[in-house]
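Please walk through this model with attention to how its interior is packed, where space is left open, and where the backbone departs from the usual.

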Amino acid sequence: MRRSEEQAQLQLIERDEADEEEDCFEAIDKLISQGINAGDIKKLQDAGIYTCNGLMMHTKKSLIGIKGLSEAKVDKICEAAEKLVNFGYVTGSEMLLKRKSVIKITTGSQALDDLLGGGIETLSITEAFGEFRSGKTQLAHTLCVSTQLPLSMRGGNGKVAYIDTEGTFRPDRIVPIAERFGMDAGAVLDNIIYARAYTYEHQYNLLLGLAAKMSEEPFRLLILDSVIALFRVDFSGRGELAERQQKLAQMLSRLIKIAEEFNVAVYMTNQDVTF
């Protein structure tokens, strides 16, 4: 009986915090109010752009590459987005206010939280690297649960997206972690969306597809386990090194844009294979 009362109280806290939170982005649909037609907005959404913030993170060259959008249309769309989102200079006071939206998510370890300054932060990327079996994926599983805790319990009060490149995600490991935090394991698992990536291109496309989900639901964590494994497989030899680094840089750029666009924390792992 006591456990059910605690869970009911936890749900009340989560609802209160959800009411207090505001979207940190402007939905792309709001461009209609600026004279952009629904057909062009649909073209942007088909290209994986669901917010005005995300739109402003693209170059005009890439936007013109979207089928059906001319240079004139892109100029008009960008001008409309600039009226809704300020991507110019702001004062230090405004930046201080923006930094107050940063959420620190507990790792479940007080010592590690202290080392990280309170936990892993939204609006940024946290990388864990080390040898095989050093606990990188175990931490990812723990964060899947702790992210769903209410803010008052040092959680993120949000859902989790998990991209797995090595087949290491184990939902059965989530159950005891959820029980440790006093949460319902079934509900926790339902709030995790999972995808298995098999190539670096598939991995990047999965990131593009996240925009639609994150614009509609309250996500607070994106896990990429691991970030470079598929690059090691899909690119080989010094002849492909330059292309590999370019594609990896594009992947990392996409990750930080997701973090800033939707105020989520990005946790990625990287195995140390140095001999």
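**From the pocket to the core**

Six residues from α13 make up the largest share of the lining of the second largest pocket. The model is a predicted one, and this pocket has a volume of about 470 Å³. Of the 19 residues that line the second largest pocket, His58, Ser62, Tyr204, Leu208 and Arg254 are the closest to its centre. Besides α13, the helices α4 (60-64) and α11 also each supply at least two residues of the lining. By character, the lining of this pocket divides into nine nonpolar, six polar and four charged residues.

A cavity can be described alongside this pocket. Rolling a probe the size of a water molecule over the atoms shows where empty space is left. The structure holds one cavity of 30 Å³ or more, and the space in the largest cavity comes to about 30 Å³. The largest cavity is lined by Gly48, Ile49, Tyr50, Thr51, Gly54, His58, Ala211, Arg254 and Glu261, a set that divides into three nonpolar, four polar and two charged residues. Among these, His58 and Arg254 line the largest cavity and are also listed with the residues closest to the centre of the second largest pocket.

The helix α13 returns in the interior. The largest nonpolar core has 26 residues, of which Leu207, Met214, Leu222, Phe231, Leu255, Ile258 and Phe262 touch the most other members. At least two residues of this core come from each of β4 (159-164), α11 (200-214), β6 (219-225), α12 (229-234), α13 (241-262) and β7 (265-271), and it is α13 that gives the most, with six residues. A second core, separate from the one just described, has 25 residues and includes Ile103, Ile105, Leu139 and Ala265. To see the packing of the largest core at the level of one side chain, consider Met214: when its neighbours within four places in sequence are left aside, Met214 is in contact with Phe25, Ala161, Phe219, Leu222, Ile258, Phe262 and Val264.

Some details of the backbone deserve a check. Most residues other than glycine have a negative phi, and most peptide bonds are trans. Against that background, a cis peptide bond, with omega about 0°, joins Asp225 and Ser226, and Ser226 is found in the loop between β6 and α12. Leu123, in the loop between β2 (120-121) and β3 (124-130), has a positive phi near 70° although it is not glycine. With a relative accessible area of 14%, Leu123 counts as buried because that value is under 20%. Asn157 likewise has a positive phi, near 50°, and its place is in the loop between α8 (136-146) and β4. The relative accessible area of Asn157 is 10%, so this residue too is buried under the 20% cut-off.

Finally, the confidence of the prediction should be kept in view. The protein chain has a mean pLDDT of 88, with 90% of its residues reaching 70 or more. Over residues 12-21, however, pLDDT stays under 50, and for this stretch the model has 14 contacts beyond four places in sequence. Where pLDDT is low, the predicted coordinates should not be read in detail.

Note on methods. Residues are numbered from 1 along each chain as its sequence is written. This is a predicted model: local features need pLDDT of at least 70, side-chain atom pairs count only at pLDDT 80 or more; totals for chains, interfaces and linings use all residues. Side-chain values use heavy atoms; hydrogens and water are left out. A nonpolar core is a set of buried Ala, Val, Leu, Ile, Met, Phe, Trp, Tyr and Cys residues joined through side-chain atoms within 4.5 Å. Buried means under 20% relative accessible area, exposed over 50%, partly exposed in between (1.4 Å probe, protein chains only). Helices (H or I, at least four residues) and strands (E, at least two) are DSSP runs, numbered from the N terminus. Contact means heavy atoms within 4.5 Å. pLDDT is the predictor's confidence in each residue, from 0 to 100. On a 1 Å grid over the protein atoms alone, a cavity is a set of points where a 1.4 Å probe fits but cannot get out, and a pocket is an open set with protein on both sides within 12 Å along at least five of seven lines; lining residues have an atom within 4 Å of a point. Grid points are joined across faces, edges and corners, and a volume is the space filled by probe spheres set on the points. Ala, Val, Leu, Ile, Met, Phe, Trp, Tyr, Cys and Pro count as nonpolar, Asp, Glu, Lys and Arg as charged, and the others, Gly among them, as polar.
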